[in-house]
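Here is a walk through one protein model, side chain by side chain. Keep the viewer open and follow along.

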Amino acid sequence: LLSYAPSTELQAGPGPTVMRAAFCVFNHIRYGGMPRNLLRIAEAWLARGHSLDLYAQLWEGPVPEGARLTVLPARGWSNHAHNRAFYRALAPRLAQARYDVVVGFNKMPGLDVYYAADACYKARSLEERSWLYRLTPRYRHSVAFERAVFDTSAPTHILVLAENEQRKYMQHYGTQAERFHLLPPVINRAAMAPDDYEGARAAARRELGIDPREKLILFVGSGFRAKGLDRAVRAVAALPSSLRERARLLVIGQDQPQRYRSLARRLGIGDRVVFAGGRDDVPKHLLAGDVLLHPAYHENTGNVLLEALSAGLPVLTTDACGWANHVVASGGGMVVESPFSQARLDALLAEMLDETRRPEWSRSGIAYMRNFSAPDRAQAAVDVIEARARAKQAVRA
């Protein structure tokens, strides 16, 4: 496993005094992975006695106690136009307030610290798009905001979640290695399978009304396109008819389902795909499921992979996920390697729905996650944020 020990810079220096921070995010969507981590980091920051102002153009869900939220509605005909308008409204407020540290949860100019939840936009564009795409206003805007964070002349330090993404940023922008701080995974102990795993699993299936013969395939995560929901729907449609008739794809996450509902109907499985929206009871579904299907096109980390392993749910994913390596290391599932093959995914899903190896995958995933040890991500992030605030204070002094 990777080492997540703090750098010597972060271990040095006296304890921090009260510091004023601004956390900035374009859209805080309640059930997304990044917003959950933002809240954890915000709560850890406030628990150390610091002050916090939150800025967003859209905020869903609770605001941490003690934080002040400012919503700056942004107009525009496209997402990148919204984001540009939001930053134009934000920048003068940041300049006037003279915060000790400005933390961004999306890429934008003027950050002291960036939480790198998103993949490298430039790398993805070069890999997946034609040269014509790179002439569009969206590309020019997105790369300009990304360059403002990662350029060699930028002062921003980066809270990075996966080493493979760090390498991409360094390749495309020449970002200095010392500006990256690798954060540990978030281990959701609430998802950990109990000692009586089989009994708890049977009880969860009964509570959710799942027939003993039914195969429950879970797809968990907001951002359906990036996480490969189209691939998942096609894989379910390709199952042998005897298996397909007993399978259900349950989609948990907040996004627009219309395109994928239409695809399921065209493939003849409209009645086998259920969209449940965002939910707070994901651990119960992980315990009750038969397979987590996560065939992402690109995924910085994929925390749901670790949650599934913890719950004893076999995982089928792609090596585009930063934490697919934990699926391999644990023996708790299977990984489709690049270049992606839909036929390979289809075959592996049918294989994994066979009960023969499910107990082996379940035991291996549970054992791996019970022995998994890593520091608390929120506390590690706050260590870096405090260090950057001290450095900024020293320059001002």
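**A walk through the contacts**

Let's start with Glu355, which counts as partly exposed because its relative accessibility is 38%. Keep in mind as you click around that this is a predicted model. Glu355 makes a salt bridge with Arg358, and the closest N and O atoms are 3.3 Å apart. Arg358 itself is buried, with a relative accessible area of 6%. Salt bridges with shared partners join Glu198, Lys215, Glu355 and Arg358 into one network.

Now follow that network over to Glu198. Its salt bridge to Arg358 has the closest N and O atoms 3.6 Å apart. Glu198 belongs to helix H7 (residues 197-207) and Arg358 to helix H15 (residues 358-370), so this pair ties together parts that are 160 residues apart in sequence. How accessible is Glu198, buried or partly exposed? At 43% relative accessibility, Glu198 counts as partly exposed.

How many salt bridges does the structure hold in total? The count is 19. Another one to pick out joins the side chains of Glu165 and Lys168, at 3.5 Å from N to O. These two sit three residues apart in helix H6 (residues 163-173), which means about one helical turn separates them. Their surroundings can be read off the accessibilities: Glu165 is buried, at a relative accessible area of 4%, while Lys168 is partly exposed, at 26%. Anything under 20% goes down as buried, which is why Glu165 gets that label.

Stay on Lys168 for a moment, since there is a sequence-distant neighbour to look at. The C-alpha atoms of Lys168 and Ala123 are separated by 6.8 Å, although the two residues are 45 apart along the chain. Remember that Lys168 has its place in helix H6.

Time for the rings. The model has 15 aromatic pairs. Take Tyr121 and Tyr139: the ring centres are 6.1 Å apart and the planes meet at 35°, so the pair is tilted. The two tyrosines link distant parts of the chain, with Tyr121 in helix H4 (residues 121-128) and Tyr139 in helix H5 (residues 137-150), 18 residues apart. Are these tyrosines buried or exposed? Tyr121 is buried, with a relative accessible area of 11%, and Tyr139 is buried as well, with 10%.

There is also an aromatic cluster to colour in: Tyr114, Phe150, Tyr169, Tyr173 and Phe180 form one cluster. One of its members, Tyr173, has a charged visitor too. The charged end of Lys122 sits over the ring of Tyr173, 5.4 Å from the ring centre. For a second charge over a ring, go to Arg231, which lies over the face of Phe340 at 3.6 Å from the centre of that ring.

Let's zoom out from side chains to helices. Two packed helices are described by the angle between their axes and the distance between the axes. Here the pair to load is H3 (residues 79-97) and H5, whose axes come within 10 Å and cross at roughly 40°. That angle makes H3 oblique to H5. Which hand does the crossing of H3 and H5 have, left or right? The crossing is left-handed.

Just beyond H3, check the backbone at Arg98. This residue has a positive phi of about 50° although it is not a glycine. Arg98 is placed in the loop between H3 and strand E4 (101-104).

Two prolines round off the tour. The peptide bond from Ser338 to Pro339 is cis, and omega is near -5°. Where does Pro339 lie? Pro339 lies in the loop between strand E13 (333-336) and helix H14 (342-352). The other proline, Pro314, is found in the loop between helix H12 (303-311) and strand E12 (315-318). Despite being in a loop, Pro314 is buried, with a relative accessible area of 0%. Measure across from there to Leu353 in your viewer: Pro314 and Leu353 are 39 residues apart in sequence, and 9.5 Å apart in space from C-alpha to C-alpha.

Key: Residues numbered from 1 in each chain as written. Predicted model: local features only at pLDDT ≥ 70, side-chain atom pairs only at ≥ 80, totals over all residues. Heavy atoms only, no water. Salt bridge = Lys/Arg side-chain N within 4 Å of Asp/Glu carboxyl O. Helix = DSSP H or I, 4+ residues; strand = E, 2+ residues; numbered from the N terminus. Buried < 20%, exposed > 50% of the residue type's maximum accessible area, 1.4 Å probe, protein only. Phe/Tyr/Trp six-rings, centres within 6.5 Å; stacked < 30°, edge-to-face > 60°. Lys NZ or Arg CZ within 6 Å of the ring centre and 35° of its normal. Axes fitted to C-alpha atoms, helices over the stretch in contact; angles between N-to-C directions. Parallel < 35°, antiparallel > 145°, perpendicular 65-115°, else oblique. Left-handed = near helix turned anticlockwise from the far one by under 90°.
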